[in-house]
Amino acid sequence: MRIQPRRQILNIWSSLLAACYRDDQWQWGGRDGSNSISDAEQLLCLLYPATEIPSFALDDPDTIPDDIAEVLRPLGRMRQVGIKLIDILDDYLGRYTTPDGRPIFAAGSYLRSTAPEGPTDEQRELDVVDSYSMSLTLCLAALKYLRALRVWVGARPTQTERNKLDNRISDLEARIKVRLTAAMIGLVRGFVVQSVDPDSRSGQAMLTMFNQTGAEPEAVLAGVAQRLERVRVRLRRDVTLNATPDADLEDEGLLFECGWSWGIVTDAAGLEEEFGSAPIATDEGYATPRPYLYFTVTALDGINDLTSARTRELDLLDPQQRRLAEALQLRGDLAQRYWSAMARYGTGRWPLEDIPWRTSDGEESDYFSLCVSAVLIQDLINREANDDDLTRATLIFDELARRGRIIRRLTEEDYARELHIPGVRLSLLGSGTADLDDGKVLNWRVSDYAPVLLKRTLQAAQLSSTLTTRDRLLELAQSTMDHLELRAFTKGPANGLWDDADRIFKVTKPGGSEPQPTNGNQQPSWYLTERVIECLVAADNSFRQPPLRSSTSALRSLELLNEAEHLLNQKFLSLSEEDNTPNRTALENVEKQLQRARKLIDDRPGTAHSLCAEALRSLDELDFAGLDAMRSE
């Protein structure tokens, strides 16, 4: 099945409203219950396409296309859609704001525990970077929507109605900005730089990963230090807001890594001097000061939304938020540079090509390779990728698709199944402090292997300027989308939503007996469904870009155009000004075709080639008709 973002998003919207909107009320919660992250993901399934794809905009009911209006019919008449979305946003903020106005970022039911009885109530209230990042994306989408909705409100027929809606929007914007500021502060305080002794276990794990040529460890250490010199200097000089206290960036004999931990870091400096009594500014941190690849990618996704051109154009941020945005952009840029440099370190095989990636704590997983690939692609987007980088990245994505059983069948007792069900387990080190639960550490499960692969493959395809590389990436993206389509529910309350992974990743009992279901929960996973939506938005952005221009095709088109124009000029020489025969009409049509071809030759040489070929065919037919007439005489 071809990736068709518009049709597929509309199908998800239809399934979303069938599952979530009943009795004129929005129903929160899904497979993993209701929490600040899951409910944000649920709402973003609707709001993210509506604010990222112009044709899906919902702020003006008079311009909503018929197919979208039909899908949104459960919300009522189109003029009610804007008010309904205000109600849903207001409900979300009410659920995740304390009575004194403090935003709630608790991960709640997304957390797992090593204890049989599960996480304690205190642990469920812990914030995680996922919540900050997802709230950041949700708040920006909401502000974009409300900004556009004000235009429609200003055209309402009565002053009373205008004032009422305008006051609701103003109140909602103020509350959203409080949450946005808090989420940004949480991300600033979750960033960490970790110094690593090269002789320690962590240092040895890093050196082994970076050393793909069998060089002496001292040579690798010196090479890494040289490669990261600019990153080290900027971390030391520019990252002053909430700098990691124990990081030693002066000693070039130490390795280091940077990124985001799972939450606010232990001993993270408070930001009360810079941001006063802003929520999260002085909260105690529990996360171990070491970067996690998953949470680094998650944070970077939110920061990319924050620093996008559209966010800047709409001027959505106040001065305090702009300062935070600059701090986050700096951290995001340095994290991308670090992991991109380490992924491609050396002159031979990239460390990233040595799958699976090994983290500094010695853990290995194909998922970690996928995370590093995601950071690499984002870095290439920001710095204009070269063809060699993308060609090598294509081979990595293809290998990850095979190892993740996206384009290969699952074998019995296949380890790759755990990448999807139940997902890669991350230990949230620091979450089991004595203050929380007597040392019992929380776990976090990540099961978005397929959508991460799809999103990054589409982004890489958009970057590629080589036809063969782009075609291979799009083919892989299509195969990954086919895989995800098979995982959508086909019946029940989550029909058309995700994730019914048992349809693909079934467990077979010994002896060939019937497959044993692993998850009887038929409720939608907003975690995965929202990520599929992100992929479809990425596909829409990719498909809206001009097609690749082949220099060979452009040259051939120019040759045909020159030949056709020359023959056309010859034909016009044989016609007098008074000649109004069908031949003149035919030649004038050919002239229009060639004018169109000349306009398209730079951007769409293939189309220009087709127009020139058709023009040459028409000219030849006129020649043949003329010869035939001469023979008849």
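Which backbone nitrogen does a side-chain oxygen of Ser365 reach at the start of α15? The partner is the backbone nitrogen of Tyr367, which the oxygen approaches to within 3.0 Å; such a polar contact is a pair of N or O atoms within 3.5 Å, where within protein one must be able to donate a hydrogen and the other to accept it, and residues adjacent in sequence count only if both atoms are side-chain atoms. The model is predicted, with local features needing pLDDT of at least 70 and side-chain atom pairs pLDDT 80 or more, while totals for chains, interfaces and linings use all residues. Residues are numbered from 1 along each chain as its sequence is written, and side-chain values use heavy atoms, leaving out hydrogens and water.

Helices (H or I, at least four residues) and strands (E, at least two) are DSSP runs, numbered from the N terminus. Helix α15 covers residues 366–383, and 15 of its 18 residues are buried, where buried means under 20% relative accessible area, exposed over 50% and partly exposed in between (1.4 Å probe, protein chains only). Gln378 lies in this helix and counts as buried because its relative accessibility is 9%. Leaving aside residues up to four places away in sequence, Gln378 touches Asn304, Gln336, Arg456 and Gln459, contact meaning heavy atoms within 4.5 Å.

Turning to the strands, β9 (residues 442–446) has four of its five residues buried, so the rest of the structure largely encloses it. Strand β8 (residues 424–428) runs antiparallel to β9 and is joined to it by five bridges, whereas β3 (residues 112–113) pairs with β9, also antiparallel, over two bridges; strands pair if DSSP finds at least two bridges between them. Leu442 in β9 is the bridge partner of Ser113 and also of Leu428.

Technical notes. Expected span 1.5 Å × (residues − 1).
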